[in-house]
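Let's take a walk through this chain together. Have the sequence and the 3D view open as you read.

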Amino acid sequence: MDIWAATHRARKELADDLAGLDGAQWKHATLCGEWDVEHVVAHLTAAASVGRWAWMRSIAAAGFRPAVHNERRLREHLGATPQETLDRFRAVIDSTVAPTGDLPAYLGEAIVHSEDIRRPLDLPSRADADAVTEVAKFYASRDFTVNSKTAVKGLSLRANDSDFSAGDGPEVAGPVLALVMAMAGRPDYLDQLSGDGVATLAERIR
């Protein structure tokens, strides 16, 4: 799979969805903590704009506190209006800037944060199953931007809509997107999963 092409597609599809939002929707809560829709979009713009050395300088200046780093970079890319925030995001849709070469992680960032926005707004998911499967494989194998490997340690994961499977132990089965979102720490997707391992996964991510 061309990971960058999949990332660019995920960004563009989100931008297209955002174009139809009204002012209240831009301020709507998301699945991403205290960030509203506009904050998450600004965060995605920052993620597509900060390369390796800029990231290293920023995280060091933040005292190696990722939350502080993320908040500072988000504020840099937040527009004066939602439309300006969207325009800034559109400008980086085709960016190939990333802090490291772990490209599935940044594809995951685009997919997960898109769903962080879509689900609370009742917008249909547009996530590509093949792209989500690539992210699922990465998340199951490593703790990187999220503690995904730790969350599913000792569990057997099985997608019922793709060829993704990983791990051994009590089973957690369901749509590959729900598996990815759960590995990313979003308990809202647990209701789409079944199996003896769901209770363990729920306890870990809650």
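Does Asp-122 count as buried or exposed? At 69% relative accessibility, Asp-122 counts as exposed, since the cut-off for that class is over 50%. Please keep in mind throughout that this is a predicted model. Asp-122 sits in the loop between α7 and α8, and its phi is positive, about 60°, although the residue is not a glycine.

**A few residues side by side**

Here are five positions to click on, with their places and relative accessible areas.

| Residue | Where it lies | Relative accessible area |
|---|---|---|
| Arg-118 | helix α7 | 2%, buried |
| Pro-175 | loop between β3 and α10 | 22%, partly exposed |
| Thr-81 | loop between α5 and α6 (82-91) | 39%, partly exposed |
| Asp-191 | loop between α10 and α11 | 61%, exposed |
| Asp-122 | loop between α7 and α8 | 69%, exposed |

Arg-118 deserves a second look. This arginine of helix α7 is buried because its relative accessible area is 2%, under the 20% cut-off. Setting aside residues up to four places away in sequence, Arg-118 touches Glu-13, Leu-14, Asp-17, Leu-123, Pro-124, Ser-125 and Arg-126.

**The sheet**

Now turn to the strands. Three of them form an open sheet in the order β2-β1-β3, and the pairing is mixed. β2 (165-166) and β3 (171-174) are at the edges with a single partner strand each, so one side of each has no neighbour in the sheet. In general, the strands of a sheet pair through backbone hydrogen bonds, in either a parallel or an antiparallel way.

Both kinds of pairing can be followed here. Strand β1 (residues 156-159) runs parallel to β3, and four bridges join the two. Along this pair, Ser-156 stands opposite Glu-171, while Ala-159 has Gly-174 as its bridge partner. On the β2 side, β1 and β2 run antiparallel and are joined by two bridges. There, Leu-157 is found opposite Ala-166. The connection from β1 to β2 is a hairpin of five residues.

Across β1 and β3 lies helix α10 (residues 176-183), which runs at about 140° to β1. In the loop between β3 and α10 you will find Pro-175. Beyond its neighbours within four places in sequence, Pro-175 is in contact with Asn-160, Asp-161, Gln-192 and Leu-193. Pro-175 and Asn-160 are 15 residues apart in sequence, with their C-alpha atoms 5.5 Å apart in space.

**Two nonpolar cores**

Which residues have the most contacts inside the largest nonpolar core? They are Ile-111, Tyr-139, Phe-164, Val-172, Met-183, Leu-193 and Leu-201, in a core of 40 residues. Two or more residues each come from α1 (3-18), α7 (103-118), α8 (129-141), β1, α10 and α11 (198-205). The largest share, eight residues, belongs to α10. Apart from this core lies another, of 20 residues, including Trp-26, Val-40, Ile-117 and Leu-121. As a general point, nonpolar side chains in soluble globular proteins tend to be buried together.

Phe-164 is a good place to see the surroundings of one core residue. Leaving out neighbours within four places in sequence, Phe-164 is in contact with Thr-133, Ala-136, Lys-137, Ala-140, Leu-157, Arg-158, Ala-159, Val-176, Leu-179 and Met-183.

**The largest pocket**

How much space lies in the largest pocket? The value is about 830 Å³. Its lining is made up of 30 residues, and those nearest the centre are His-43, Pro-66, Asn-70, Glu-109 and Thr-145. At least two lining residues are supplied by each of α3 (37-47), α4 (52-61), α5 (66-77) and α7.

**Distances across the chain**

To finish, here are two separations for finding your way around the model. The C-alpha atoms of Thr-81 and Leu-157 are 42 Å apart in space, with these positions 76 residues apart in sequence numbering. Asp-191 and Thr-96 are 95 residues apart along the chain, and 35 Å separates their C-alpha atoms.

How values were computed:
Residues numbered from 1 in each chain as written. Predicted model: local features only at pLDDT ≥ 70, side-chain atom pairs only at ≥ 80, totals over all residues. Heavy atoms only, no water. Pairing = 2+ DSSP bridges. Contact = heavy atoms within 4.5 Å. Axes fitted to C-alpha atoms, helices over the stretch in contact; angles between N-to-C directions. Core = buried A, V, L, I, M, F, W, Y, C linked by side-chain atoms within 4.5 Å. Buried < 20%, exposed > 50% of the residue type's maximum accessible area, 1.4 Å probe, protein only. 1 Å grid on protein atoms, 1.4 Å probe; cavity = no way out; pocket = protein on both sides within 12 Å on 5 of 7 lines; lining within 4 Å. Points joined across faces, edges and corners; volume = space filled by probe spheres on them.
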